[in-house]
Amino acid sequence: MGEDMSDGHEHNGHENVPSRQRRRFPGISSRAYEHPADRSALVALRKLSGFDTVFKALSGLLPERSLRLLFLSDSVRVSDQQFTHLNDMLRDACYILDLEKVPPMYVNQDPVPNAMCIGLDEPIIVVTTGLVELLDEEEMRAVIGHEVGHALSGHSVYRTILLFLTSLAVRVAWIPLGNLAIMAIVTALREWFRKSELSADRAGLLVGQDLQASMRGLMKLAGGHHLHQMNVDAFLKQAEEYEAGGDLRDSVLKILNVLPRSHPFTTVRAAELKKWAESRDHQRIMDGHYPRRSEDKDTSVTDSFRESASHYATHVKSSKDPLMKLVTDIAGGAGDLGGRVRRGFGGFTSAPPKDGPRRDDTDDQGAGN
C-alpha cells in the first residue's frame with residue numbers, strides 16, 4: 001500500500017512539509033505514470049538514423065559544467081534561505097516519488113511562465129518568475145511534481161540535447177543539407193518531448209494529488225491569472241471541440257500547428273490528465289499497486305511495445321478526429337473511401353455525378369461546411 005504522509009517528520013533526508021496529508025509511493029518506477037505514447041516516441045527516436053551518433057557525440061561535448069555555472073551565477077537557487085516555500089515543495093515532491101537525491105532548483109527572471117528539467121549527468125530544475133507569480137501553492141506543487149517526474153524518468157538528458165540542437169539548427173541554417181539533418185532529429189525530439197509532457201503531468205498529479213489544482217494550473221498557462229473568468233468544464237469542452245471539430249483539412253492543420261511546438265496544446269493536456277485521473281490505472285497507484293524500480297531490469301521491451309501499440313489502437317478507435325475516423329475506416333475495410341475523403345475535405349474535391357456533367361470545383365468551395 002502507498003504510505004500516508006503526516007506533518008513534521010524526517011524521511012530519507014527529505015523534510016516532509018505538506019500543507020495537507022498526501023500519499024507517498026516508495027520505490028515507484030517511472031513506468032507507473034509514463035504515457036504509452038511517451039515510450040513509443042522515445043523508441044522511434046532511438047531508431048532514427050544518425051540519432052545514436054549525435055547523442056553519443058553531444059553527451060561528451062555539451063558544456064554541462066557551463067550550464068550549471070550559468071544558473072548558479074545568474075539565477076536564484078532555491079534553498080532553506082531563498083524561495084523557502086518552493087524548496088519545501090521540491091523536497092516534498094521528491095519524498096512522495098521517492099527520488100533519493102533532491103535536484104537543485106533555480107528561479108530564473110523571465111516573465112514568460114515556464115519550467116524545465118535539464119542536465120546530462122544530473123538533472124537541474126528551472127522555473128521562471130512568471131510561473132511563480134502566476135500559480136498558487138497547490139498549482140505550483142503540481143508543476144514541481146511534473147518536473148520531478150521528468151527527473152525520475154530520465155527525460156532531462158534528451159531535453160538538454162533538444163535545446164542544444166534547436167539552437168544549433170539556427171546557426172547552421174546556411175549550410176546546404178546540414179540543417180535538414182539536424183532538423184530531422186529536432187522534429188523527432190519534439191515529438192517525443194510533447195508525449196513526455198503527458199507523462200510528467202501524471203507525475204504532477206501523483207505529487208499534488210489535487211486534480212482541480214492541476215486543471216487550474218493548465219488553464220492559467222492558457223489564459224493567464226484571470227481564474228475567476230474561467231471554468232474547468234468549459235475548458236475541457238474546448239478539448240473535445242478541438243478533437244472532434246472540422247473536417248480532414250482541420251486534421252492536417254492540427255498536425256502542422258503542433259509540429260513546431262515543444263509542448264502539447266494545453267486543452268489537450270488537461271483532457272488527457274483528467275482521463276487518466278479517472279482511470280483504473282491511476283486508482284491502482286493510489287491504492288499502492290504500482291511497478292517498482294527494483295523490477296525495472298526485468299521489464300520486457302516486447303511488453304512495452306505491446307502496451308504502446310494497444311494504446312494507439314484504442315486511441316484511434318475512440319478518437320473523434322476526422323482523420324482518425326478515416327484511419328479506422330481504412331483498417332475496417334470500409335467501402336467508398338474515396339467518397340469519404342472527398343466529404344471529409346468539405347468539398348475541396350468532388351467526384352463527378354453518375355448522371356450529368358462534372359460540377360466546377362469552384363462551386364464546391366463552401367460545400368460541407
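1. Start at the cap of helix H6. Asp136 caps the N-terminal end of H6, with a side-chain oxygen 3.2 Å from the backbone nitrogen of Glu138. Keep in mind that this is a predicted model.

2. Next, check the length of H6. The helix covers residues 137-153, which makes 17 residues. At 1.5 Å a residue, H6 should span 24 Å. Its end C-alpha atoms are 24 Å apart, so the expected span and the model agree.

3. Is H6 enclosed or open? Of its 17 residues, 16 are buried, so H6 is largely enclosed by the rest of the structure. Buried here means under 20% relative accessible area.

4. Look at what follows the helix. Just after H6 comes Gly154, which takes a positive phi of about 75°.

5. Now turn to the cavities. How many cavities of 30 Å³ or more does the structure hold? There are 2. The largest has a volume of about 40 Å³. The second largest also has a volume of about 40 Å³.

6. Take the largest cavity. Its lining is made of 10 residues. Nearest its centre lie Met116, Glu147, His150, Phe193 and Glu197. At least two lining residues come from each of strand S7 (115-118), H6 and helix H8 (178-208). So H6 returns here, as a supplier of the lining. By class, the lining has 4 nonpolar, 3 polar and 3 charged residues.

7. Take the second largest cavity. Which residues line the second largest cavity? They are His35, Leu198, Asp201, Arg202, Arg269, Glu272 and Leu273. H8 and helix H12 (266-277) each supply at least two of the lining residues. By class, this lining has 2 nonpolar, 1 polar and 4 charged residues. Note that H8 contributes to the lining of the largest cavity and to that of the second largest.

8. Inspect Phe83. This residue is not a glycine, yet Phe83 has a positive phi of about 45°. Phe83 sits in the loop between strand S5 (76-77) and helix H4 (84-96). Is Phe83 buried, partly exposed or exposed? Its relative accessible area is 30%. Buried needs under 20% and exposed needs over 50%, so a value in between counts as partly exposed. Phe83 is therefore partly exposed.

9. Finish with Gln209. Gln209 is not a glycine either, and has a positive phi of about 55°. Where is Gln209 found? Gln209 lies in the loop between H8 and helix H9 (211-223).

Definitions and conventions
Residues numbered from 1 in each chain as written. Predicted model: local features only at pLDDT ≥ 70, side-chain atom pairs only at ≥ 80, totals over all residues. Heavy atoms only, no water. Helix = DSSP H or I, 4+ residues; strand = E, 2+ residues; numbered from the N terminus. Expected span 1.5 Å × (residues − 1). Buried < 20%, exposed > 50% of the residue type's maximum accessible area, 1.4 Å probe, protein only. Polar contact = N/O pair within 3.5 Å; in protein donor to acceptor, adjacent residues only side chain to side chain. 1 Å grid on protein atoms, 1.4 Å probe; cavity = no way out; pocket = protein on both sides within 12 Å on 5 of 7 lines; lining within 4 Å. Points joined across faces, edges and corners; volume = space filled by probe spheres on them. Nonpolar A, V, L, I, M, F, W, Y, C, P; charged D, E, K, R; others polar.
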